[in-house]
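Visitor: I have the model open and would like to understand the words used for it. Could you take me through them?

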Amino acid sequence: MPCTYVVSVATGTQGRSGTDNYIFVTLVGSEGCSRKIRLDKPQHDDFERGSVDSYPVGTQENLGEITLVKLEKKKHLTQDDWYCRYVSVRTPGGDGVEFPCYRWLVGDKEVVLRDGRAHLPQDDETTLVKEHRQKELEMRRKAYRWMQWQPGFPMSIDAKRHQDLPRDIQFDSEKGVDFVLNYRKAIQNLFLNHFMHMFKSSWTDFADFKKIFLKIKSTASEYVMQHWKEDLIFSHQFMNGCNPVLIQKIGKIPDKFPVTNEMVAGSLERDLTLEQEVKAGNIYMVDYEVLDGIKANGTDPRTPQYMTAPICLLYKNTQNEILPIAIQLGQTPGEDNPIFLPTDGEYDWLLAKIWVRSSDFQHHQTITHLLRTHLISEMFAVAMFRQLPAVHPVFKLLIPHVRFTIAINTKAREQLICERGLFDKANATGGGAHVALIQKTMKTLTFRSLCFPDMMKARGVDSEQELPCYFYRDDGYKVWEATRSFVSDVINIYYSGDEKVRGDEEIQAFIKDVCDYGMKDFKHSGFPRSLQSREELIEYLTVIVFTASAQHAAVNFGQYKIAPV
């Protein structure tokens, strides 16, 4: 008996999403399939940007449950790309089924879509959908290949330029993420062109800083300009600035930092010795040991740059405020590496703090931000695209969090951290120092260090009572638990028990790909090679989502403005 289906096609809204090419559709059902039908309407502009176009599709008999939708794009006049959001099908009985696409059709291309419901591989019953699943992964593995950008780095995507990436993960507009272009625009918009000569030589006056803030004004920036020299705001940054991941409680003063009670007695408030304050849990430390031995950027002989690997001792006073009480600018004590104290001359102490803040910037940009959020998230994303088809529930869970990670990292390798990139022009860790720093850090990076609760406990800063006003920690715990709860709810829908996790060959291949390829040179890292339970899967996915979203937000967006004390 003849039947009529209604097929609706939604075109994307980004960039040049529409197309003038021919679009064909084939419906595949459990009882048969339709003929290939060209979708168009007389005197109608089909597939315009942002449109939803509907078309009747007639068949000689009922197709049963619609399992797949085949879309095909053919050249008409000129070739252009088309971004399809989704295809929906209304059956003769009035039921609606949606088939997500969210991908570009480039050239003469066919895509085959499954409906939007998520399915584990072991739950697929027909040969047709099993083969579709396998073909999608085969094509993905050809498009998403592993590459090691530098020796000693986690693996990344095999693409030298943004335009070499698969079209589906490229930015809609390259101009929006052009680091060089945005840098120039920022300088122009802030009317800083006539100050740029200041960056080509050493500054001689603290007043020079104020000139930069002529057009960069906010309540926070004005507060900072008034109070940046103060010890309280200096130490506040270790807990709530851009790099709040290094402060640690110590159980003893390390030998390499020979601070004595006599040196700091004037800063202690409890009538206790330094050793007693340590035992009482009131002494904290920030140690930039990882910077030791890293050669500073020497690409421009006109502007020599310098780096140091300082250690800063912090004290929790009777008002529960954290204050700096001693700074050593190198890792090896000696006459040429003195310990600076708040009782020293005003500018000696201020310059010591400036050196610490400079080191904190280098650590933040290269390790905390670039490595531990961007590069690690890209590694997870590449493995996801290679091993999880779009119908897998974990793919649907992860894709919103890593959608543009590979694109922004590729653009960074193209313009920012490459040879003669912006890092070389602006950072002391440019000129290859950032590469050496990541290589050094990767030797000790572990999977457990990406788990937020483990990170807090390892540094002894997990207690709000012992260390109040550590808002990064307090908010981080809440976001971690919210993320874990959400991931748990999703996983428990699709995995009825631990045996479902063990029997999911795709999720096991994903985990194995990260371990064997993404982290192939780092056997010490403790990245699992397989997962045996729902709890292990929940934690693993929470790490990915948290790293790519919450952790990145915490260490990235704070660069725009500082939170006042």
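Guide: Happily! The side chain of His434 reaches the backbone oxygen of Ile417 at 2.8 Å. Please keep in mind that this is a predicted model.

Visitor: What makes the pair of His434 and the backbone oxygen of Ile417 a polar contact?

Guide: The cut-off for such a pair of N or O atoms is 3.5 Å. The side chain of His434 comes to 2.8 Å from the backbone oxygen of Ile417, so the pair lies within 3.5 Å and counts as a polar contact.

Visitor: Why is His434 called buried?

Guide: Buried means under 20% relative accessible area. His434 has 3%, so the residue is buried. Its contacts, leaving aside residues up to four places away in sequence, are Thr366, Ile417, Phe423, Asp424 and Thr429.

Visitor: Where in the chain does His434 sit?

Guide: His434 belongs to helix 12, residues 433-442.

Visitor: How do you know that helix 12 is mostly covered?

Guide: Seven of the ten residues in helix 12 are buried. They are Ala433, His434, Val435, Leu437, Ile438, Thr441 and Met442. Helix 8 and helix 11 (422-426) are among the elements that cover them.

Visitor: And His392: what makes that residue buried?

Guide: The limit is again under 20%. His392 has 0% relative accessibility, so this residue counts as buried. His392 lies in the loop between helix 8 and helix 9 (393-402). Not counting residues up to four places away in sequence, His392 touches Ala118, His119, Leu120, Pro121, Arg133, Tyr495, Asp504, Glu506 and Ile507.

Visitor: Why is Leu351 called partly exposed?

Guide: Partly exposed is the class between buried, under 20%, and exposed, over 50%. Leu351 has 44% relative accessibility, so it falls in that class. You will find Leu351 in helix 8, residues 346-387.

Visitor: Which residues make the nonpolar surface patch, and what lets Leu351 count in it?

Guide: The patch is made by Tyr306, Tyr347, Leu351, Ile354 and Trp355, with an area of about 500 Å². A patch residue needs over 30% relative accessible area. Leu351, at 44%, meets that condition.

Visitor: Let's turn to the strands. How do you know that strand 14 is covered on both faces?

Guide: On one side of strand 14, Ile311, Leu313 and Tyr315 are buried, and on the other so are Cys312, Leu314 and Lys316. That fits the count for the strand, residues 311-316, where six of six residues are buried.

Visitor: What makes strand 14 a partner of strand 13 and of strand 15?

Guide: Pairing takes at least two bridges. Strand 13 (residues 283-287) and strand 14 have five bridges, in the antiparallel sense, so they pair. Here Ile283 stands opposite Tyr315. Strand 14 and strand 15 (residues 322-328) are joined by six bridges and also run antiparallel, so they pair too. Cys312 stands opposite Ile327 in this case. Strand 14 and strand 15 form a hairpin with five residues between them, and Asn320 in the turn has a positive phi of about 60 degrees.

Visitor: How do you know that strand 6 pairs with strand 2 and with strand 9?

Guide: The test is once more at least two bridges. Eight bridges join strand 2 (residues 22-29) to strand 6 in the antiparallel sense, and six link strand 6 to strand 9 (residues 109-114), again antiparallel. Val69 stands opposite Leu27 of strand 2 and opposite Leu113 of strand 9. Strand 6, residues 66-74, is mostly covered, with seven of its nine residues buried.

How values were computed
Residues are numbered from 1 along each chain as its sequence is written. This is a predicted model: local features need pLDDT of at least 70, side-chain atom pairs count only at pLDDT 80 or more; totals for chains, interfaces and linings use all residues. Side-chain values use heavy atoms; hydrogens and water are left out. Helices (H or I, at least four residues) and strands (E, at least two) are DSSP runs, numbered from the N terminus. Buried means under 20% relative accessible area, exposed over 50%, partly exposed in between (1.4 Å probe, protein chains only). A polar contact is a pair of N or O atoms within 3.5 Å; within protein, one must be able to donate a hydrogen and the other to accept it, and residues adjacent in sequence count only if both atoms are side-chain atoms. Contact means heavy atoms within 4.5 Å. Patches are made of residues with over 30% relative accessible area and no salt bridge: like charges are joined within 9 Å, nonpolar side chains (Val, Leu, Ile, Met, Phe, Trp, Tyr) within 5 Å. Accessible areas come from the Shrake-Rupley method with a 1.4 Å probe; for residues, only the protein chains shown count as cover. A salt bridge is a side-chain nitrogen of Lys or Arg within 4 Å of a carboxyl oxygen of Asp or Glu.
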